[in-house]
Amino acid sequence: MRIIIVMLIVSLLPFAVVWGITLRETSQRVRIETESLMAQTAKGLGAEVDGWINNNVSILRAAARLPDIYSMDRTRQEDVLKAIQKEYPWMYLVFTVSPDGMNVARNDGRPLKDYSDRQYYRDIMTGKKLSWQTLVGKTSKKPALVLAVPIKSGDKLVGAMAAAMTIDEISKNIATWQQGRTGFAFLVDEKGYVVSHPDRQYVTKRKNLNSHPLIASFRKKGWRTTTTEFNAPNGETAFGHVRSNNFGWALVLQQQNKEVFESFNRVQEFALILLAGTILVVLIISWFSARAIVTPIRKLTDAAERMSLGELNVKIDINSKDEIGLLAQAIGRMQTSLRLAMNR
């Protein structure tokens with residue numbers, strides 16, 4: 001039994017060490033590759049969102065500097081607003097607001113509205129150069145993004161110019177992004193309300209995801225880019241990456257751990273099968289090897305015991321050519337010598 005144990009240790013210890021090191025390195029490599037892929041993807045998606053918003057901001061700022069706009073004359077403004085909407089159809093509403101919060105002009109010809117309760121209007125009136133807000137539009141009754149910039153006549157603030165646009169244009173690449181079977185992305189604004197999500201209900205109902213483990217951790221760490229494992233709301237362990245864009249929104253990518261490490265787990269299962277097979281083969285070889293060693297030794301031990309009791313005609317039928325065979329020959333010669341000595 002000891003021989004079998006020793007053979008198992010000697011044969012399997014190097015394999016176990018190599019196996020452990022290989023699995024650890026493979027696990028680390030899978031993790032690093034996943035982190036890198038998520039980081040690069042999130043950076044690309046975030047750049048698309050920022051670029052799209054910046055382009056729209058540039059359009060509004062350029063229009064706000066036009067004499068027809070800073071004139072704050074409704075008739076002159078409407079022609080410009082209609083031209084902007086026609087050129088950029090995702091802006092379903094382009095409008096201006098006076099310092100008192102009342103709508104001055106709009107591209108759709110609908111009745112003027114009071115926008116004094118909107119945060120983007122308040123921000124512009126307090127001196128901000130740019131404001132934005134995700135909300136349910138008063139006109140569309142759907143989730144929308146509103147961008148607003150100041151209208152100035154010289155150095156005097158005379159109003160705000162804003163455009164309301166559908167969120168679909170912002171988020172279509174994020175909502176359709178998919179990695180494997182369980183990987184997806186979503187975007188929330190600075191207050192945690194969903195801007196883009198594969199589940200359309202999250203967008204239409206403006207679901208707040210501040211309680212999502214990744215978002216909560218992201219806020220706690222001061223909006224610092226994070227890649228980590230977490231327990232998803234569905235109870236599955238997931239791997240996620242979260243980063244902020246230029247507007248304080250959080251872009252999240254996540255994928256279930258079991259899928260991230262699927263290939264690694266297959267390698268691990270194969271290694272376990274290989275280990276089990278190796279143990280079985282080593283046991284079989286050890287058993288036969290031990291039997292080949294132990295059986296002749298037992299025979300020689302029995303012969304020596306009988307010879308010690310005076311039975312000098314014990315037959316020693318071991319004919320191997322190895323060390324045990326040499327030992328058997330030596331005992332045979334000793335048996336002959338003892339027999340001759342006894343006869344004398």
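Analyst: Before anything else, buried means under 20% relative accessible area, exposed over 50% and partly exposed in between (1.4 Å probe, protein chains only). The model is predicted, so local features need pLDDT of at least 70 and side-chain atom pairs pLDDT 80 or more, while totals for chains, interfaces and linings use all residues. Residues count from 1 along each chain as its sequence is written, and side-chain values use heavy atoms, without hydrogens or water.

User: OK, what makes Ala185 buried?

Analyst: Its relative accessible area is 0%, which is under 20%, so the label fits. Ala185 sits in strand S7 (residues 183–188); strands (E, at least two residues) and helices (H or I, at least four) are DSSP runs numbered from the N terminus. Leaving out residues up to four places away in sequence, Ala185 touches Leu45, Ile174, Trp177, His197, Pro198, Val252 and Leu253, where contact means heavy atoms within 4.5 Å.

User: How do you know where the buried residues of H5 point?

Analyst: Helix H5 (residues 167–175) has Ile167, Ile170, Ser171 and Ile174 as its buried residues. Looking down the axis of H5, they fall within an arc of 80°, so they line one face of the helix. That arc is taken over the directions from the helix axis to the C-beta atoms.

User: What does Ser196 contact, apart from its neighbours within four places in sequence?

Analyst: Ser171, Ile174, Ala175, Phe186, Leu187 and Val203. Ser196 belongs to strand S8 (residues 194–196) and is buried, at 0% relative accessible area. A polar atom of its side chain is 3.4 Å from the backbone nitrogen of Ala175.

User: Why are Phe95 and Tyr115 called stacked?

Analyst: Rings of Phe, Tyr and Trp (its six-membered ring) pair with centres within 6.5 Å, and planes under 30 degrees apart count as stacked, over 60 as edge-to-face and the rest as tilted. The Phe95 and Tyr115 rings are 4.7 Å apart centre to centre with 25° between the planes, so they meet both cut-offs. Both residues are buried.

User: And what makes the Phe95 and Tyr120 pair edge-to-face?

Analyst: The centres are 6.4 Å apart, within the limit, and the planes are at 70°, over 60, so edge-to-face is the right name. Phe95 is in strand S1 and Tyr120 in helix H4, so the pair ties together parts 25 residues apart in sequence. Phe95 is buried at 1% relative accessible area, and Tyr120 is buried at 3%.

User: How do you know that S1 and S2 pair?

Analyst: Two strands pair if DSSP finds at least two bridges between them. Strand S1 (residues 91–97) and strand S2 (residues 103–106) have three bridges, in the antiparallel sense. Phe95 has Arg106 in S2 as its bridge partner. The two strands form a hairpin with five residues between them, and Gly101 in the turn has a positive phi of about 95°.

User: Why is Trp223 called partly exposed?

Analyst: Its relative accessibility is 32%, between 20% and 50%, so partly exposed is the class. Trp223 lies in the loop between helix H7 (213–220) and strand S9 (226–231). It has a positive phi of about 60° although it is not a glycine. Most residues other than glycine have a negative phi. Met72 also has a positive phi, about 55°, and is not a glycine; Met72 is in the loop between helix H2 (67–70) and helix H3 (74–87).

Note on methods:
Polar contact = N/O pair within 3.5 Å; in protein donor to acceptor, adjacent residues only side chain to side chain.
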